[in-house]
Amino acid sequence: MEKLLKTELKTSILKAFGSSGGGYISRGQSYETDSGRVFVKINHKPQARTMFEGEMASLEAIQKTNTLRVPQTIKVIDLPGEGAMFVMEYLKMKNLNKHSAKVGEQIADLHLHNQKLGEKLKKEGNTVGKGAEHSESQYVDTFGFHTVTCCGFIQQVNEWQSDWPTFFIRHRLQAQMDLIEKAYGDREARELWSQLKLKIPEMFCDVEIVPALLHGDLWAGNVAEDDFGPIVFDPASFYGHSEFDLAIAGMFGGFSSSFFSAYHSKIPKDPGFEKRINLYQLFNYINHWNHFGTEYRGSTLNVMRKLLK
């Protein structure tokens with residue numbers, strides 16, 4: 001693997017440093033090279049290239065907004081046999097602490113970026129486009145993303161939709177529930193979901209949703225800082241409702257109250273906010289059920305019942 005990496009990076013030096021580490025999905029290793037330090041994520045699953053290409057596209061889309069600092073992407077490399085490596089800039093990171101409020105402001109700036117582009121275009125009378133894949137950010141008027149991304153190891157379809165509830169029901173909740181049905185055939189989950197999906201559109205009746213570029217997996221483990229400020233990583237981006245990111249951020253702790261206060265100073269809560277946050281958290285409970293098993297079944301069903309009241 002290191003011989004391949006050395007060839008692909010065109011470096012005479014390739015020296016590992018630090019301890020190798022990893023999460024639930026991939027492992028990582030840092031290296032010294034001719035052109036500086038890099039961080040390499042390694043995954044031996046057949047879908048690794050798809051997963052890493054989605055992550056790379058997400059990092060590049062966020063970077064183009066100039067709102068948040070993310071690692072510079074370098075390349076995705078196929079491994080012999082199966083799997084892939086994702087090479088990116090090495091950043092010496094530590095846990096988010098003193099920059100919690102700043103990252104709250106910057107996430108709000110990320111969420112407002114597309115809206116501001118739209119307002120600028122309206123003033124200038126320019127045309128609308130789906131621009132995440134272009135060299136400069138352009139206004140995006142629909143919900144989705146230009147490539148597949150992954151939440152954990154589960155691929156997410158990001159086909160463009162003009163309507164946010166349609167996108168969220170079809171490409172997020174229904175897609176995850178189909179996996180639950182296939183794996184467990186859970187009758188209670190099936191019955192609750194059949195009732196709930198009919199009620200979801202009415203949760204958005206009084207809200208105007210401008211597509212916002214999302215991180216897509218904004219939990220505390222994917223945010224850090226260094227001496228220069230906050231850093232975000234491991235995104236699964238798409239254009240959606242800004243509240244989606246906040247739901248994940250609020251689920252598992254790790255973000256201080258200053259994060260949320262700073263965020264809402266720029267983007268106030270819309271009517272019905274709390275119920276929609278529960279809806280977006282439902283996606284994460286179902287996703288955890290698919291990844292980790294039936295220990296998340298009870299939480300999933302409880303949130304469904306709560307939303308049906």
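## Reading a sheet, a helix pair and a buried histidine

Modeller: Let's start with helix α7 (residues 257-266) in this predicted model. The cover over its buried residues includes α3, α6 (243-249) and α8.

Colleague: Happy to. Which residues of helix α7 are buried?

Modeller: They are F259, A262, Y263 and H264.

Colleague: α8 is part of that cover, so let me ask about its other neighbours. How do the axes of α4 and α8 cross?

Modeller: For a helix pair, look at the approach of the axes and then at the angle. Helix α4 (residues 164-184) and helix α8 (residues 273-292) have axes that come within 10 Å and cross at roughly 30°. Angles under 35 degrees count as roughly parallel, and therefore α4 and α8 are roughly parallel to each other. Their crossing is left-handed.

Colleague: Which residues make the contact?

Modeller: On the α4 side they include W164, F168, L173 and I180, and on the α8 side they include L279, F283, I286 and W289. By class, the contact has 13 nonpolar, 3 polar and 1 charged residues.

Colleague: Now the strands, please. How should I read a sheet?

Modeller: In general, strands of a sheet pair through backbone hydrogen bonds, either parallel or antiparallel. Here 3 strands make an open sheet, ordered β6-β10-β11, with antiparallel pairing. β6 and β11 (229-232) are at the edges with a single partner strand each, so one side of each has no neighbour in the sheet.

Colleague: How many bridges join β10 to β11, and how many pair β6 with β10?

Modeller: There are 4 bridges between β10 and β11, and 2 bridges between β6 and strand β10 (residues 223-226). You can follow a path across the sheet through A224: this residue of β10 is the bridge partner of N95, and I231 is the bridge partner of A224 in β11.

Colleague: What do β10 and β11 form together?

Modeller: A hairpin, with 2 residues between the strands.

Colleague: One last residue: where is H99 found, and is H99 buried or exposed?

Modeller: Take the position in the chain, then the accessible area, then the contacts. H99 lies in the loop between β6 (94-95) and α3 (100-124). Buried means under 20% relative accessible area, and H99 has 14%, so H99 is buried.

Colleague: Which residues does H99 touch?

Modeller: Leaving aside residues up to four places away in sequence, H99 touches E225, D226, G229 and P230.

Note on methods: Residues numbered from 1 in each chain as written. Predicted model: local features only at pLDDT ≥ 70, side-chain atom pairs only at ≥ 80, totals over all residues. Heavy atoms only, no water. Buried < 20%, exposed > 50% of the residue type's maximum accessible area, 1.4 Å probe, protein only. Contact = heavy atoms within 4.5 Å. Axes fitted to C-alpha atoms, helices over the stretch in contact; angles between N-to-C directions. Parallel < 35°, antiparallel > 145°, perpendicular 65-115°, else oblique. Left-handed = near helix turned anticlockwise from the far one by under 90°. Nonpolar A, V, L, I, M, F, W, Y, C, P; charged D, E, K, R; others polar. Pairing = 2+ DSSP bridges.
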